[in-house]
Amino acid sequence: MCYQLPVEALEKLSAGTFDQSIVARDLWKKSKYAIILYNPAERKGAKEEADMLMEGLKHVDFDVIVDTWTHAAELLEKISNLLILLVNKSSQIFISVMSHGHDGILRGVDNSEISVNAVLELSAARIPQHIPVVCKNNINSIAL
């Protein structure tokens with residue numbers, strides 16, 4: 001039986017004993033993808049912030065897709081469409097959502113809002129069960 005593991009469980013499993021990530025044998029040749037979706041509305045320097053993250057991810061051999069979003073529904077649509085395209089050809093997928101928000105809510109334009117949980121639930125639903133989902137939440141990003 002496969003489970004999607006929280007980051008704490010994965011940290012306990014590794015317990016500092018491994019210097020490298022463990023990737024299933026049939027996945028090691030597949031690409032690593034990063035999705036950076038940022039909301040530029042009322043966020044001076046948002047593009048530069050996304051570009052810096054992109055450069056860092058490229059440095060560790062991720063193929064990076066950077067795009068903007070402004071409305072909450074648009075964010076879910078973009079994540080859904082990108083994951084449909086990427087999950088079968090990826091060994092790792094990194095997702096960063098950059099936006100203003102509060103109390104677990106991401107804010108778009110025209111008072112559109114979406115919860116971080118909705119983004120996590122959609123992502124977990126699109127990622128196959130055999131791939132562990134690891135997330136660390138902070139104010140600016142979610143990594144899966």
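This text walks through a predicted model, from a residue in helix α3 to helix α4 and then to a loop arginine.

Start at Ile 79. This residue sits in helix α3, which spans residues 72-86. Its relative accessibility is 0%, so Ile 79 counts as buried. What does Ile 79 contact, once its neighbours within four places in sequence are left aside? The partners are Leu 37, Val 97, Val 119, Leu 122 and Ser 123. Take Val 119 from that list. It lies 40 residues away from Ile 79 along the chain, yet the two C-alpha atoms are separated by 8.1 Å.

Val 119 leads to helix α4, residues 116-126. Here Val 116, Val 119, Leu 120, Leu 122 and Ser 123 are buried. Seen down the axis of α4, these buried residues fall within an arc of 165 degrees, so they line one face of the helix. The face turned away from that buried side carries Glu 121 and Ala 125, both exposed. What covers the buried residues of α4? The cover includes helix α3 and the strands β3 (90-98), β5 (105-107) and β6 (113-115). Ile 79 of α3 touches Val 119, Leu 122 and Ser 123, and these three are among the buried residues of α4.

Now turn to Arg 43. It is placed in the loop between β1 (31-38) and α2 (46-59). Is Arg 43 buried or exposed? Its relative accessible area is 10%; the cut-off for buried is under 20%, so Arg 43 is buried. Leaving aside neighbours within four places in sequence, Arg 43 contacts Tyr 38, Glu 49, Met 98, Ser 99 and His 100.

Note on methods:
Residues are numbered from 1 along each chain as its sequence is written. This is a predicted model: local features need pLDDT of at least 70, side-chain atom pairs count only at pLDDT 80 or more; totals for chains, interfaces and linings use all residues. Side-chain values use heavy atoms; hydrogens and water are left out. Helices (H or I, at least four residues) and strands (E, at least two) are DSSP runs, numbered from the N terminus. Buried means under 20% relative accessible area, exposed over 50%, partly exposed in between (1.4 Å probe, protein chains only). Contact means heavy atoms within 4.5 Å. The arc is that of the directions from the helix axis to the C-beta atoms.
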